[in-house]
Amino acid sequence: MKIMKSTFSKILLILSIGLFTWQASFGQLLMTEDFDYVAGTALSANGWTVHSGTTNPILVVTPGLSFAGY
């Protein structure tokens with residue numbers, strides 16, 4: 001009977017740890033970009049890469065994009 005209680009306790013502990021770990025994994029922020037740059041500077045000066053042979057840089061403007069609830 002003592003072996004059964006010990007096994008049950010181990011299983012309960014493993015399930016409890018798994019439950020808390022599983023719930024915590026959904027709250028992670030994977031990527032964010034707030035576009036907090038100085039107006040008038042090129043995006044390529046802020047870590048962005050120019051593609052497709054673009055010769056005119058894309059400049060940061062103010063006011064920028066906004067999204068309600070973000």
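I began with the second largest pocket of this predicted model, and I listed its lining as Leu43, Ser44, Trp48, Thr49, Val50, His51, Thr54, Thr55, Asn56, Pro57 and Ile58. By class I found 5 nonpolar and 6 polar residues in that lining, with no charged residues, and I noted a volume of about 170 Å³ for the second largest pocket.

I then turned to the largest pocket, for which I recorded a volume of about 400 Å³. Of the 15 residues that line the largest pocket, I noted Asp34, Phe35, Val61, Gly64 and Leu65 as the closest to its centre. Sorting the lining of the largest pocket by class, I counted 10 nonpolar, 2 polar and 3 charged residues.

Phenylalanine 35 was my next entry, and I placed it in the segment after helix H1, which spans 2-24. Is phenylalanine 35 buried, partly exposed or exposed? I entered phenylalanine 35 as partly exposed because its relative accessibility is 45%, a value that lies between the 20% limit for buried and the 50% limit for exposed. I also looked up the separation of the C-alpha atoms of phenylalanine 35 and valine 60, which comes to 8.7 Å for two residues that are 25 residues apart along the chain.

I checked the peptide bonds next, bearing in mind that most peptide bonds are trans. Threonine 62 and proline 63 are joined by a cis peptide bond, for which I wrote down an omega of about 0°. Proline 63, too, I located in the segment after H1.

Last, I looked at the protein chain as a whole, and I recorded 1 helix and 0 strands. How much of the protein chain is made up of buried residues? My entry reads 3% of the 70 residues. For the accessible surface of the protein chain I noted about 6900 Å², with 68% of that surface belonging to carbon and sulfur atoms.

Terms used
Residues are numbered from 1 along each chain as its sequence is written. This is a predicted model: local features need pLDDT of at least 70, side-chain atom pairs count only at pLDDT 80 or more; totals for chains, interfaces and linings use all residues. Side-chain values use heavy atoms; hydrogens and water are left out. On a 1 Å grid over the protein atoms alone, a cavity is a set of points where a 1.4 Å probe fits but cannot get out, and a pocket is an open set with protein on both sides within 12 Å along at least five of seven lines; lining residues have an atom within 4 Å of a point. Grid points are joined across faces, edges and corners, and a volume is the space filled by probe spheres set on the points. Ala, Val, Leu, Ile, Met, Phe, Trp, Tyr, Cys and Pro count as nonpolar, Asp, Glu, Lys and Arg as charged, and the others, Gly among them, as polar. Helices (H or I, at least four residues) and strands (E, at least two) are DSSP runs, numbered from the N terminus. Buried means under 20% relative accessible area, exposed over 50%, partly exposed in between (1.4 Å probe, protein chains only). Accessible areas come from the Shrake-Rupley method with a 1.4 Å probe; for residues, only the protein chains shown count as cover.
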